[in-house]
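Welcome! Take a moment to look over the sequence and the 3D view, and then work through the exercises at your own pace.

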Amino acid sequence: MEAVPRMPMIWLDLKEAGEFAFNAAVKKSAVNVPRDFEGCSTLRKYFGQLHYLQSRIPMGAEQEAAVPIAWTEIFSGKTVTHEDIKYEQACILYNLGALHSMLGAMDKRVSEECAAGAFTYLRDHFPHSYSVDMSHQILNLNINLMLGQAQECLLEKSMLDNRKSFLVARISAQVVDYYKEACRALENSETASLLGKIQKDWKKLVQMKIYYFAAVAHLHMGKQAEEQQKFGERVIYFQSALDKLNEAIKLAKGQPETVQEALRFTMDVIGGKYNSAKKDNDFIYHEAVPALDTLQSVKGAPLVKALPVNPTDPAVTGPDIFAKLVPMAAHEASSLYSEEKAKLLRDVMAKIEAKNEVLDQFMDSMQLDPETVDNLDMYSHIPPILMEKCAALSVRPDTVKNLVQSMQVLSGVFTDVEASLKEIRDLLEEDEAQERKLQELLGKVPPPQGSPPPPSPGLAEVSKECSKYMEVHQKASFTNTELHKAMNLHIGNLRLLSGPLEQVRAALPSPTLTEDDKQVLQNLKRILGKVQEMRDQRTSLEQQLREMIQKDDITTSLVTTDRSEMKKLFEEQLKKYDQIKVYLEQNLAAQENVLKALTDANVKYAAVRKALAEVEHKWNTTVQTLVASYEAYEDLMKKSQEGKDFYTDLEGKAAKLLEKARAACQAAETNRQQILEKEMKKQPPPRPTAPKPALQKKPLELEAGGLDAGALPPLGSLVLPELPELPEELRSLPP
């Protein structure tokens, strides 16, 4: 992502000045400034000198020296006139922010924080009724736009510097937060009516950027998951990034080519990451892919801030050209009083920040979120992802039946193949045994045990093919076994998902809490509510104190007060802050008691928390298992069909081979019979013995080394023909 093309940024037009009874040279240099950083410097100096002027000469609204001041309103083009020197200051400050926004939108992109600072100072220190373009809503919009664009610049630099993935994700998430605030302002009907046509263009760009930078945030969360070897999380983050980027692309219609180029580049990166991660997880890691809403959300890291504007900073405004127009004593006294107020604020803020730090550390260690401390609502309904799977199966009622039938067919074909191959093997073994016996009958030394005699060419080919089929069958048998295991694993879940929703809900784990457990939870949530109430009250009191200090201007009193009475006047004026200081101190003192109560409640909550965590883990695991079974169905059906096709083909080949084996064995048996008959003809007739009435039919018996009658039955019963009785004189002769 380091080389991703830059997105365009929004910049603001400068206001045009009208009539103002000022020296022409001053008006020219302050109004028609160059569009560069030198122009920003000029506006700052002029703004500072106006501040010095208005503190000495009564040129404010309805004051003696007030003169008409005219400026053009940005959106309507109308000229707006006020007799108030603060109006001139406000318009100059607006132009300072607008010029910084213009410079920030250029290549260097280093000026957005300055723009936000100018608009913040304008919002906080000047009336909002001067003109529409300086209303509270418009200034808030401008501030969030500038902060968002400043954070966007920081994000670009972070990616170029190859910062850690988690940090880049948080920076990108904060860009999204700023732009969401800006988008809310743009969607406000009052703001939209003030902006006119430009509102639609800004809104389209900001909405597109919200989805785009959300995609960048989840891309880097996926990269962090990859670094942590959480391969299931990696897949879901890259999937989410892809979804958000697709939304950004939809919203980018009509945007300039730079936007389209950036979106195409990012799509190449995210699409490649997602495809690679999904493939690796499917074939290598097999990790469960969690639902996105079960993962911790990415919290933004606001690393930019509105740079403060100080109208009295001599390094910015230069020397005070109106120093001689008012008594320096009053000016110095006002500065001293401002320092007293600043000291008071620093003391109070030091106490607040110390307590806040303790509170934050304590709450971080507790890891207690009031919104999810019991998380019981999640168990009252079926999660959407599971509802989606149930709905999909409801329109396919034969899912389980089809899967079972498919596996039964596969088993049948598998059994047929195994039977055919076994019969072939039995035929070959029988033929081998007959061949060995023949060799023994013929007086040949048989091969050693375990080394079969060489078969005939036909049987050798059958044996070779049978071995090949047996090897293929054994390998496929393992796959077939694994497929049946997978089916048995998922079939129950598929039946559950196909059934009534009540059964699905009943299958999901849910916590069982006693009345004491519920009381512990209620007490803990009540105390957590107290903690939040304490925080909110503290923030409110701090804001009230700041506003009081900001509005506290005693310059008029200082002009009429004797120098020797200044200290007394300061003390009297500062008493107005005593009451709010008391409230703050009470709030800070209460923290210790609240945290002690929270500690006690958390001790009692420990056992309940453990039980809830275990149930939540089981609930998530069950949901993931059911979803995985649904997603495995199509794969099981596909593999089952592939298995059937494979075994059907193998069955045909095995059947042909069986016929071939039978024929070859029959031929071999015939050949052995012929060999045996030839051997029989070569044997001499037997020597005559004492006369007998007749020679009975008897199997042929041979001496050792000859034929073994016991080996003949498989070859057929061999019987000598009947011979005539020999004459007496011939019986004593040798054969």
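Below are some exercises, each with a worked solution.

This is a predicted model, in which local features need pLDDT of at least 70, side-chain atom pairs count only at pLDDT 80 or more, and totals for chains, interfaces and linings use all residues. Residues are numbered from 1 along each chain as its sequence is written, and side-chain values use heavy atoms, with hydrogens and water left out.

**Exercise 1. The overall picture**

Find how many helices and strands the protein has, and what part of its residues is buried.

Solution. Start with the secondary structure: there are 20 helices and three strands. Here helices (H or I, at least four residues) and strands (E, at least two) are DSSP runs, numbered from the N terminus. Next, burial: of the 735 residues, 40% are buried. Buried means under 20% relative accessible area, exposed over 50%, and partly exposed in between (1.4 Å probe, protein chains only). Then look at contacts, meaning heavy atoms within 4.5 Å. Among contacts with a separation of 6 or more, 81% join residues 24 or more positions apart.

**Exercise 2. Three strands**

Work out how strand 2 pairs with strand 1 and with strand 3.

Solution. Two strands pair if DSSP finds at least two bridges between them. Strand 1 (residues 17-20) runs antiparallel to strand 2, with two bridges, and Ala17 stands opposite Trp71. On to strand 3 (residues 79-82): its pairing with strand 2 is also antiparallel, over four bridges. One of the partners here is Thr81, which bridges to Ala70. Strands 2 and 3 form a hairpin with six residues between them, and Gly77 in the turn has a positive phi of about 80 degrees.

Now check the two faces of strand 2. In a regular strand the side chains alternate between the two faces of the sheet. In strand 2 (residues 69-72), Ile69 and Trp71 are on one side and Ala70 and Thr72 on the other, and all of them are buried.

**Exercise 3. Salt bridges**

Find the partners of Glu181, Glu226 and Lys351, and describe where these pairs sit.

Solution. Side chains of opposite charge can pair when their charged atoms come close. A salt bridge is a side-chain nitrogen of Lys or Arg within 4 Å of a carboxyl oxygen of Asp or Glu. The whole structure has 22 of them.

- Glu181 pairs with Arg184, with the closest N and O atoms 2.5 Å apart. These residues are three apart in helix 6 (residues 165-187), so about one helical turn separates them. Glu181 is partly exposed, at 36% relative accessible area.
- Glu226 pairs with Arg234, and here the closest N and O atoms are 2.7 Å apart. Glu226 is partly exposed at 29%, while Arg234 is buried at 4%. Both belong to a network of salt bridges that also links Lys273 and Asp280.
- Lys351 meets Glu585 at 3.9 Å, N to O. Because Lys351 lies in helix 12 (residues 328-366) and Glu585 in helix 20 (residues 578-682), the pair ties together parts that are 234 residues apart in sequence. Lys351 is partly exposed at 46%, and so is Glu585 at 41%.

**Exercise 4. Buried or exposed?**

Decide whether Asn142 and Lys197 are buried or exposed.

Solution. Take Asn142 first, in helix 5 (residues 136-160). Its relative accessible area is 2%, so Asn142 is buried. Leaving aside neighbours within four places in sequence, Asn142 contacts Leu12, Tyr94 and Phe119.

Then turn to Lys197, in the loop between helix 7 (189-195) and helix 8 (198-227). With 68% relative accessibility, Lys197 counts as exposed. The C-alpha atoms of Lys197 and Phe75 are separated by 9.2 Å, though the two residues are 122 apart along the chain.

**Exercise 5. A coiled-coil annotation**

Look up where UniProt places the feature "coiled-coil region", then examine the shape of the chain over residues 524-551.

Solution. The unreviewed UniProt entry puts this feature at residues 414-444 and 524-551. UniProt positions are given in the numbering used here, feature names are shortened, and annotations may be inferred rather than shown by experiment. In the model, residues 524-551 are 100% helix and 0% strand, with the end C-alpha atoms 41 Å apart.
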